[in-house]
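Trainee: Could you go through this structure with me and explain the reasoning behind each label?
Mentor: Gladly, let's have it in front of us.

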Amino acid sequence: MTKRDLLSMDDLTRTDVDLILDTAESFLPILQRDIKKVPTLRGRTIVSYFHEASTRTSSSFDLAAKRLSADTIALKKSGSAIEKGESLKDTILTLSAYSPDIIVMRHPSAGACRLAARYTPASVINAGDGKYQHPTQCLLDLFTLRQTFGRDLDGMKISIVGDILHSRVARSDIAGFQMMGMHVTLVGPPTMMPRDIESLGVAVEHDLSHLRTADVIYLLRIQRERMQAGANFLPSLREYARVWGIDRSRVRPGQKVMHPGPINRGVEISGEIADDPDTLILEQVEAGLSTRMAILYRTIVGYSDSASEEA
Amino acid sequence: MAGTATQRLWCKRAAKADLLVKGARVVDPTTGRDEVKDVLVTRGRIAAVGDDLEPGGSAAVRDADGCLLMPGFVDLHAHFRVPGGEDAEDLTSLTAAAAAGGYVAAFGMANTDPVVDNAALLEGLAQRAQAEATVPVGFHAAVTRGLQGEQLTEMVELATAGAVAFSDDGIPLRDADLLRKALQYASVTGRHIAVHAEDRSLTRKGVMHEGAVSARLGLAGMPSIAESIEVERALEVAAYEDARLHVCHVSTAAALEHLARFKERGVPVTAEVCPHHLTLTDEAVVTLDANVKMNPPLRPEADRAALVAALAEGLIDCVATDHAPHCADDKEVPFEEAPFGVIGLGTAFAILYAELVGDGAIDLLTLVDRMSSAPARIAGIPQPSIREGAEAGFCLFDPGDTWTVGRHTLHSRSQNSAWLGKELRGRVILTVAAGHVVWDAGA
Ligand SMILES: [Zn+2]
Ligand SMILES: [Zn+2]
C-alpha cells in the first residue's frame, strides 16, 4: 500500500471527508467509557514534530494517539537539534530512523509538510504549515458542524471574521466548507484581507452589517504581533474590538459561534458570547479528539469502506 | 572617455575551429538572412557562407539538415557567484552551462563576495576568466561601494579595467538622488546604469507575486506596483538627466506602460526580460517548489502575455537570464525559506523557441535579435554575425532533439532550474564562441 499523507484539504475527496467524519462519530462512544482506550493502533508509532509552539493541537494529537494505544514520541522546537540549525530534511531523516507510521508535523513555512513527506516513508499529517493549511482543524470544524446541524450542510451560510491574511485555519476551512456546499463570506479589515481572495469563490465584506444573515459565525484569533510598530495591520486591539469584535448586540439569538482557539476575550469575542451555550468552542475542542483519532486511524488503516467496518 | 573601446570580455585561449556546417537553416538578424546555407569556419573565422561548400584541408564536416544555425546568444545578466560563491557556480561550470545553452558571451553582476567595486578585483576576475572561462565573460561593477547604497564606486577606473556597465543588482538603489548622481557620473564612462527596480517597502517579506495564487497559498505577496513605481521613478530621473538607463528583468505590464511612455519621449533607456517571466506564471508556485522562487517573481498570465508582446515589438530590447545558481542544500527547504533565483543559461533558447516561436508569438529572426544582436549592442561588444570575415560565434540548434533538464544536461554546479526534470524539445548541439568550439553535444 502506498502511504497516504494529509497535507492539505485538496488531498481529500468528499468521500474521504465523509469517511473520516463517520469514523470520528464511531469513536465517540469510546470517549464516554470509563476506560477511554482501545487497542486499535497498538504497536504503531506516531511521532509529533512541532517546529512552532502549539499546546492545544499537539496535546489533542497526543491524546488521540494514546486513546488508540499507539506509541508516541514528541520532538519540540526548544532544546532540540532544530534550534541548532538542523535542516528540515535532516530532522525528517533522523525521525524516520524510528520507523514511525505517522509523523504529525507543524511548521512555520507553507509547504514544509509536503517537502517533509518527500523525505520519509512515514505518512505525514499536517498540523499547520505557515499560513497555508491546517486540514485537521478544518475536519474537526466540519465534525462540529455535522454534530450540531446534521449531515446536510448544503446551502448553509458561514461568515469567517478576522485576520484572513495570516490564517491557515481560514484557508483550510474555506476549502472544507465549500466542499460541503456551504456559502462562505470573509469579513475583516481590508489590511487583513488577501488581495484577490474572491478568486476562491467566497464573498468579501469589510464590516459586520450582514453578519446576522449567517447561520454560523467563525471567529479567528487576532494576534498581538499584527499591532507591532511598522506592521500597521491594525491601529489597536481596542479599535478592532469596536469594529469587528463580536458581542451580544451583533449576534442573533440561536446563531452559532465558532473559534479555533485560543480566544482573546474582549477582542474578537466578548466574554458573554464566549460563555454562551450557542457558542461551539468547547464542542470544537471535543471534536478535535475524535476527529484526530479518526485521522490517525484512517491514515494507517486506509480510506476504504471495508476498513471502516472493522472499526 | 565616453565610448572608449576597452576589452570587455575574457576567456581561455583554445584551438581555433576549422569546421564546415552543411545544410543548416541560417537565421541571422545582422544580415536578415533566413535560408539554408553551408557555413565554413576557418581558423575561428567565418570563411564562407554559401551553397555546396567544400571543406578546406582539416575542416571537420558537420551535417546539419533540419538544424538552425544562429549567431550565438549574449547574456547581459547572470550571477557568476565568483568570487565567494564557488560552491554554487564557478567560471568553468558557468561557461560550460552557457556554452550548452548556445551563449557566446555572458556578463556577471557585481553582487558577489566581495562585491566587484574596485578595479583591482575586476582585473583579478578578468585574469581568472582567462584561465577558466571557455565562453567569453565580462563583468558589471557595482554602482556603490559594497552595494551599500552610500558612496559611488570609482567608475572611470572600473570602466578602464573593462566593466561593461554599473549595477547594484540584487538590491534596489536606495533613493532617487543616488540614482541621479550615478547616472550623471556614469555618463563620463560611456557605460549605462542597470537597475533592479523594486520598492522594498512594498515587497517586505514577500516571496511571490501578490494575487490570487498568493491568497490561496497564504504566502506574503510582492505586489506588481513594487516594480512599476520604481521603474517609473528611475525613468523620471533618467529622462531628467538624459542618461543611459537599463532596466533589469521587467516583469509587469504596469512597468511596460511607463517604459513605452518614456521611450516615446526619446529617453535613452533599454530593458531586458527573463525567459521564466516570458513562459511561466504565478500558477507554477502552487507546487511550492523553491525552483520557481525568484525576484521579481512569476506574474499572472496578463503580465506574461504583455511581456511577450513587448519583446516582439521591441519595447523590451533583449532577453537576459538572471542566471542565479544556488546549491541544492539552499533550495531543498520550504518555499518561504529558500533564497530567490533560478538558473537559466542552459535552457533559455530551448524554452523560448518551444514556447514563443512554436506558437507564433514571436518570429525566430526577432527572437535571435533579442538574444544576440540587441544585448551585444547594449553591452558595446561586436554583434555575433554569420558573415564572411566575422569571428565565429554561433550555435547550432536541433529543433527535433529531446532532452531532460538535469545535472548532466545543465552543466552548471547548481540545478535550481524552473524546468528541472522536465523534458524539452529542441536542443543546442554545437556552440562556437570566440572562434573556439566550446560545446558539442555529440562529442
Ligand atoms: Zn535583480
Ligand atoms: Zn540579478
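The talk below takes up the metal sites and then the chain as a whole.

Mentor: A word on the ground rules: this is a predicted model, where local features need pLDDT of at least 70, side-chain atom pairs count only at pLDDT 80 or more, and totals for chains, interfaces and linings use all residues. Residues are numbered from 1 along each chain as its sequence is written, chains are lettered from A and ligands numbered from 1 in the order in which they are written, and side-chain values use heavy atoms, with hydrogens and water left out.

Trainee: What makes a residue a protein donor of the zinc ion (ligand 2)?
Mentor: Donors are N, O and S atoms within 2.8 Å of the metal (3.2 Å for Na, K and Ca), and sites may look incomplete because water is not among the atoms. His77(B) and His79(B) through NE2, and Asp169(B) and Asp322(B) through OD, lie 2.1 to 2.2 Å from the zinc ion (ligand 2), so they qualify.

Trainee: Why is the site of the zinc ion (ligand 2) called irregular?
Mentor: Four donors are tetrahedral if all angles lie between 85 and 135 degrees; four are square planar, and six octahedral, if opposite donors are over 155 degrees apart and all others between 65 and 115; anything else is irregular. Angles among the four donor atoms here run from 86 to 170°, so the tetrahedral range is broken at its upper end, and the site is put down as irregular.

Trainee: Which residues hold the zinc ion (ligand 1)?
Mentor: Asp169(B) (OD), His196(B) (ND1) and His249(B) (NE2) coordinate the zinc ion (ligand 1) at 2.0 to 2.1 Å. The two zinc ions are 3.5 Å apart, with Asp169(B) coordinating both.

Trainee: How do you know whether His77(B) and Asp322(B) are buried or exposed?
Mentor: Buried means under 20% relative accessible area, exposed over 50%, partly exposed in between (1.4 Å probe, protein chains only). His77(B) has 0% and Asp322(B) has 10%, so both count as buried. Asp169(B) and His196(B) are buried too.

Trainee: Why is chain B called as compact as a globular protein of its length?
Mentor: The radius of gyration is taken over C-alpha atoms, and the globule rule is 2.2 Å times the number of residues to the power 0.38. For 443 residues the rule gives 22 Å, and chain B has 21 Å, which is close, so the label fits. Of those 443 residues, 63% count as buried. The C-alpha atoms fill a box of roughly 65 × 50 × 45 Å along the principal axes.
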